[in-house]
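Dear colleague,

I am handing over a structure for you to look at, and below it I have written down what was found. Please keep the view open beside the text as you read.

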Amino acid sequence: MPPRLSYLTAYCRPAPVSSALITALFIPILQVRNASILSSLSDTSGAYNKRIRRGRGPSSGKGKTSGRGHKGQKQHGKTPARFQGGQTPDVVVNGVRGFVNHFTDDLSPCNLDRVQLWIDQGRLDPTKPITVKELVETRCIHGVKDGVKLLARGKENFKTPINILVSRASSEAIKAVEEAGGKITTRYYTHQSIRRLLQGESESSFTPFTMESLKADASPILSAASARPFTYRLPDPTSRKDLEYYRDEAHRGYLSHLVEDGHGPSLFYKTPGVGVRRRVKKGGAAVTGGENRIW
């Protein structure tokens with residue numbers, strides 16, 4: 001059905017030429033068809049709270065077929081959402097491919113073009129260190145969970161030197177930040193530590209807590225903790241995977257100072273020629289002493 005015209009549309013039409021003034025005024029009004037709102041009438045949500053009784057006559061609106069229509073499987077019974085009409089399901093024909101890793105970290109992406117835009121708009125101060133807290137408070141990222149990963153989209157337009165601290169960063173993002181004269185550091189975060197960081201219960205640090213001096217005068221973290229009531233310090237990684245990532249200088253990890261010269265970040269593969277070799281005496285098994293006996 002075509003939409004009905006309103007009074008204002010009718011007045012915009014060219015009025016028929018007539019000698020009588022009354023005829024010229026009333027002819028457009030007589031030609032107007034009032035806009036119908038019958039199709040959009042409805043009760044206020046929550047106004048009707050009675051149970052719908054189906055199959056109780058045509059006046060109820062849910063009589064005879066009870067709102068299910070005529071015939072068919074949807075009228076006679078129920079069909080599951082994954083039902084495909086009886087044919088062999090796609091999951092059987094093609095199988096399940098891939099998997100979902102439930103143990104991976106849910107990192108929030110942050111691209112260089114967005115950081116540059118926030119700096120141009122004055123939301124981020126490039127003269128001060130940029131941490132996860134500054135990115136969240138300025139709404140540069142949203143819904144951070146396990147950390148932030150810096151990506152290199154818009155790297156050709158990134159020209160501001162910054163000192164940024166994130167969870168992880170791509171190689172192209174690291175290269176772009178350092179070519180602009182900035183510095184990037186990756187640090188280990190957890191979901192709980194990020195929540196405490198945003199609540200002001202802890203403070204971000206570019207170095208691990210063990211590197212700081214025990215004197216409050218020489219430690220910026222301890223001096224800041226004494227000035228403000230910080231309750232928790234940021235945790236350090238414990239799993240081998242995280243330790244090897246943040247020990248790697250290529251990732252600009254904050255634990256890269258623990259790796260000696262000539263060594264790699266891996267905790268499993270050792271550098272050749274390093275370590276004590278055990279010498280075994282030739283000439284038979286060792287004699288068991290009395291102090292080594294079990295019984």
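What follows goes through some strands, then a helix beside them, and finally a single residue elsewhere in the chain.

Please bear in mind throughout that this is a predicted model.

I would begin with strand 2, residues 147-151, which pairs in the parallel sense with strand 1, residues 107-111, over five bridges. Strand 2 is also joined by two bridges to strand 4, residues 168-169, and these two strands likewise run parallel. Leu150 is a good place to see both pairings, since Leu150 is the bridge partner of Cys110 and also stands opposite Ala169 in strand 4.

Next comes helix 5, which spans residues 112-120 and in which Leu112, Val115, Gln116, Trp118 and Ile119 are buried. These buried residues lie on the same side of helix 5, because they cover an arc of only 160 degrees around the axis. Among the elements that cover them are strand 1, strand 2 and helix 7, residues 171-179. Just after helix 5 you will find Gly122, which takes a positive phi of about 80 degrees.

Finally, please look at Glu244, which is placed in helix 10, residues 240-246. Which side chains does the side chain of Glu244 meet in polar contacts? One is the side chain of Arg240, at 2.9 Å, and another is the side chain of Ser266, at 3.4 Å. Leaving aside residues up to four places away in sequence, Glu244 touches Pro265, Ser266, Leu267 and Phe268.

With best wishes

How values were computed:
Residues numbered from 1 in each chain as written. Predicted model: local features only at pLDDT ≥ 70, side-chain atom pairs only at ≥ 80, totals over all residues. Heavy atoms only, no water. Pairing = 2+ DSSP bridges. Helix = DSSP H or I, 4+ residues; strand = E, 2+ residues; numbered from the N terminus. Polar contact = N/O pair within 3.5 Å; in protein donor to acceptor, adjacent residues only side chain to side chain. Contact = heavy atoms within 4.5 Å. Buried < 20%, exposed > 50% of the residue type's maximum accessible area, 1.4 Å probe, protein only. Arc of directions from axis to C-beta.
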